[in-house]
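Thanks for making the time. I have one structure to go through, and I will keep to its geometry.

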Amino acid sequence: MSKTLQAVRGMNDILPDDAETWEHFEDIVRDWLKSYGYRPIRMPIVEPTPLFKRAIGEVTDIVEKEMYSFEDALNGEQLTLRPEGTASCVRAAIQHNMVAGSGPQRLYYHGPMFRHERPQKGRYRQFHQIGVEALGFTGPDIDAEHIIMCARLWDDLGLEDVSLEINSLGSAEERAQHRAALIAYLEQHQARLDEDGKRRLYTNPLRILDTKNPELQDVVDAAPRLADYLGDESSAHFQAVQVLLKDAGIPFRINHRLVRGLDYYNRTVFEWVTTRLGAQGTVCAGGRYDGLVEQLGGKPTPAAGFAMGVERLLALWRESGGEADRMQPDVYVVHLGEQARRLAFRAAEALRTHGFAVLLHCGEGSFKSQMKKADASGAAVALVIGEDEAAAGEIGLKPLRGPGGQQRIALDALPEAVAGLLYSEEEDDDGSV
């Protein structure tokens, strides 16, 4: 007997009840993004591996350990399932001359990302992100807009216990000065570093500051702070962001240990975090990456963006009471007999033409068994078509909720009659006459 095939561990099916909640959430998100003037872009799931090595950095955990990379059997090209969206979006903008040709761009995308890591709650091998990228904007206002628009989404979703942490990573030159001081300091404590810390000491020492190892907390607390190496321009930019956040009434905490796991960030970085999801507490993160467009072969272009994890946000949303109602048809069509079946198809299409959601019974079954399915469907109205109705070219119309008995309606009068029943029911539900 063959073994039953199952999904790859950490790559999950999203079944209809959950998928309806996902779609409801995505509708809210699309409306929110549209209200800020962001336009959709869709990039391939597979990209050339060098794109991510150049953008993310070869000495990051993502590139070193987590990417799904393979050789294309057709031409030997090295390809990778995208682990994040920013590099792909910037590649697309460069390839299609979007910024240089059309001016600054506000873009968003959503879809699956892939990282080869140990699956756990809120951290999957195939996960989904919504990403926002603003290309061609220089000032602190776009940094603040990204943070403020996130706060609005949390309010739209009714999320609780989501707090903001911000920091500035300065310029590449300022980070280089801080990096040298940080390495010199950590070398004095090298014996206390864990394996990750020792591995990162000379390749990515900033990431040591973000360690979750409790035995290193006193070491990183006393480490040189990047804030002390910021020049006037970087400091002024960071201060301007803070002013705009305060004007908007957005509370925040400056976290001097907040760094990003990707090499391309500079200046403002931020994270929205929660205590409700255990170890996977970051639900949204982003910042400015002014050097990435040039790094990937484009003209120097300022840029900023953020990404949010859909699975984590949905878990938080559900915990706060958010959930989509189960999709229900307006009308369920019950029929018995060959002529009745043909009329049922015509009636269903006539209603759909007028915008009604119609579920047509397919297959066999008695009137009694079909009516049970009609009741279970959640539809407000049933169409009942038997041999008598089919012979007369009429439709039986039966309310499934509320008062009223079955009536027979001519096919051309059906849409108006159904609308009358549905709208009167909505009025009754509202308590109005």
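What follows is a short walk through helix packing, one helix face, two side-chain contacts and some backbone angles.

One thing before the details: this is a predicted model.

I start with helix H6, residues 140–157. H6 packs against helix H1, residues 16–35, at an angle of about 140 degrees, and the two axes are 11 Å apart. That makes the pair oblique, because only angles over 145 degrees count as roughly antiparallel. The crossing of H1 past H6 is right-handed. From H1, the residues making the contact are Phe25, Ile28, Val29, Trp32 and Leu33. From H6, they are Met149, Cys150, Arg152, Leu153, Asp156 and Leu157.

One of those H6 residues is Asp156. Is Asp156 buried or exposed, or something between? Its relative accessibility is 43%, so it counts as partly exposed. If you want a distance to check, take Asp156 and Ile28: they are 128 residues apart along the chain, and their C-alpha atoms are separated by 8.0 Å.

H6 also has a second partner, helix H10, residues 232–247. Here the angle is about 40 degrees and the axes are 9 Å apart. H6 and H10 are oblique too, since roughly parallel would require an angle under 35 degrees. This crossing is right-handed as well. On the H6 side, the residues are Pro140, Asp141, Asp143, Ala144, Ile147 and Ile148. They meet His237, Ala240, Val241, Leu244 and Leu245 of H10.

For a contrasting pair, consider Ile142 and Thr203, which are 61 residues apart in sequence and 31 Å apart in space, C-alpha to C-alpha. Thr203 sits in the loop that runs between helix H8 (195–200) and helix H9 (217–221). With a relative accessible area of 36%, Thr203 is partly exposed.

Next is helix H14, residues 367–377. Which residues of H14 are buried? They are Gln370, Met371, Ala374 and Ser377. Looking down the helix axis, these buried positions fall within an arc of 115 degrees, so they line one face of H14. On the other side, Lys368, Lys372 and Ala376 are exposed.

What does the buried set pack against? The partners are four strands: S12 (331–335), S13 (358–360), S14 (381–385) and S15 (394–399). After the helix comes Gly378, with a positive phi near 90 degrees.

Strand S12 gives me the first side-chain contact, at His335. His335 counts as buried, because its relative accessibility is 4% and the cut-off is under 20%. Its side chain reaches the backbone oxygen of His361 at 2.8 Å. Leaving out neighbours within four places in sequence, His335 is in contact with Ala340, Arg341, Ala344, Leu360, His361, Phe367, Gln370 and Ile385. Gln370 in that list belongs to the buried set of H14.

The second side-chain contact is at Thr274, in strand S9. Thr274 is buried, with a relative accessible area of 7%. What does its side chain reach? It reaches the backbone oxygen of Asp161, at 2.9 Å. With neighbours within four places set aside, the contacts of Thr274 are Glu160, Asp161, Gly281, Val283 and Leu316.

Last, the backbone angles. Most residues other than glycine have a negative phi. Two residues here are worth listing against that background.

Arg267 is not a glycine, yet its phi is positive, about 50 degrees. Arg267 lies in strand S9, which spans residues 266–274. Its relative accessible area is 13%, so Arg267 is buried.

Asn97 also has a positive phi, near 55 degrees. Asn97 is found in a loop, the one between helix H4 (86–95) and helix H5 (98–102). At a relative accessible area of 44%, Asn97 is partly exposed.

To recap the packing: H6 meets H1 at about 140 degrees and H10 at about 40 degrees. On H14, the buried residues line one face. That is all I have; questions are welcome.

Conventions:
Residues are numbered from 1 along each chain as its sequence is written. This is a predicted model: local features need pLDDT of at least 70, side-chain atom pairs count only at pLDDT 80 or more; totals for chains, interfaces and linings use all residues. Side-chain values use heavy atoms; hydrogens and water are left out. Helices (H or I, at least four residues) and strands (E, at least two) are DSSP runs, numbered from the N terminus. Buried means under 20% relative accessible area, exposed over 50%, partly exposed in between (1.4 Å probe, protein chains only). The arc is that of the directions from the helix axis to the C-beta atoms. Contact means heavy atoms within 4.5 Å. A polar contact is a pair of N or O atoms within 3.5 Å; within protein, one must be able to donate a hydrogen and the other to accept it, and residues adjacent in sequence count only if both atoms are side-chain atoms. Axes are lines fitted to C-alpha atoms, for helices over the stretch in contact, and angles run from 0 to 180 degrees between N-to-C directions. Angles under 35 degrees count as roughly parallel, over 145 as roughly antiparallel, 65 to 115 as roughly perpendicular and the rest as oblique. A crossing is left-handed if the near helix is turned anticlockwise from the far one by less than a right angle, and right-handed if clockwise.
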